Amino acid sequence: MNSQSIKVFAPASVSNVGPGFDILGFALHEPGDEIILTKSDSDKLEITNITGDGGKLPYDIEKNTASVAIKSLMDKYEIRVGISVEINKKMGLGSGLGSSAASAVAAVVAVNELLELGLNKNQLLEHALAGEFVASKAIHADNVAPALFGGIVLIRGYHPIDVIQIPSPEELYCTIIYPDIEIKTSEARAILPDSVPLKDMISQTGNIASLIYGLATSDYKLISRSLNDAVIEPVRSKLISGYSEIKKAAIDAGALGSSISGSGPSLFALSNSEDVANKIAVDTKTVVDSLGIGSITYISKINEAGTKILG
Ligand code: HSE
């Protein structure tokens, strides 16, 4: 690598976290995506190589989350430089782990470093969101913000966007079980109801408020009581084969709670010991295996750093 080139890692993230649809997420240590940007002699932004996507991602700069994010930033600041983009996907597409967000975030952090723009994370956020929009057809920051800022992030509001970082409990572990099914976020959003009964609104606001309080005070019992989603999980869990059996295996293994990660198909389960986190991984994988579906598990504490400049 030289100063003409930069490589950035951005992590996967768990969004929604039970009751926090579109407003809560946290970053994982793995998996994650890498973006390499290189200044070029041409005056064009172009994608020169994509790996790890099984040939599914577009090279068209108007359609790829990474290039759309870079273009949004360059247009806003009227930057005219040739840049070639290489994307190394290290996680599945449509996994529920914020794959498109990770690429968009890595891209804006990389262009900021490469061109020494000195923009802060709040300034980068809107452009990463523009990239994420291409994949999910909606503006939601609950993957982008954790990948960019690290840690646990609450989005208090969107107009204007207001990102609040929540302290992470020291001993909080997250186990991910990622069944080999692809769910497009745009499709998983299209099946959601337009309105919510008042009783579900009461349940959801009570749980999100107490979840945030439990996270901020490391109250694991309160976190456990709060991991309930009355609105989204009942609808989306139908898209995931064996959902209730997988979730039950996580709870029986000692999880504080478990739900869909983002728009699925991955499930996350929280615990407060590494042994329990490992047991959840083994037991949930056994259930998914018995359904004849392949899967990958990850175990991670909260990633406080977010993106990493690799060189
Ligand atoms: N909050 C978004 C959703 C996250 O659930 O649709 C998508 O990964």
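This passage describes the two domains of the chain and the ligand held by the protein.

The structure is a predicted model in which local features need pLDDT of at least 70 and side-chain atom pairs count only at pLDDT 80 or more, while totals for chains, interfaces and linings use all residues. Residues are numbered from 1 along each chain as its sequence is written, and side-chain values use heavy atoms, with hydrogens and water left out.

The chain is divided into domain 1 (5-167 + 304-309) and domain 2 (173-301), with bounds taken from an automatic or database domain assignment. The C-alpha centres of the two domains are 24 Å apart. Across their interface, 34 residues of domain 1 are in contact with 37 residues of domain 2, contact meaning heavy atoms within 4.5 Å.

Both domains contribute to the ligand site, with at least three residues of the shell coming from each of domain 1 and domain 2. Residues surrounding the ligand (a heavy atom within 4 Å of it) include Ser 15, Phe 21, Asp 22, Asn 143, Thr 185, Arg 236 and Ser 263. By class, one residue of this shell is nonpolar, seven are polar and four are charged; here Asp, Glu, Lys and Arg count as charged, Ala, Val, Leu, Ile, Met, Phe, Trp, Tyr, Cys and Pro as nonpolar, and the others, Gly among them, as polar.

Several polar contacts (pairs of N or O atoms within 3.5 Å) join the ligand to these side chains. A side-chain N or O atom of Asp 22 lies 2.5 Å from a ligand nitrogen. Ligand oxygen atoms are found 2.7 Å from a polar side-chain atom of Arg 236 and 3.0 Å from a side-chain N or O atom of Asn 143. Of the 260 Å² that the ligand exposes when taken alone, the protein buries 97% (Shrake-Rupley method, 1.4 Å probe).

How values were computed: A polar contact is a pair of N or O atoms within 3.5 Å; within protein, one must be able to donate a hydrogen and the other to accept it, and residues adjacent in sequence count only if both atoms are side-chain atoms.
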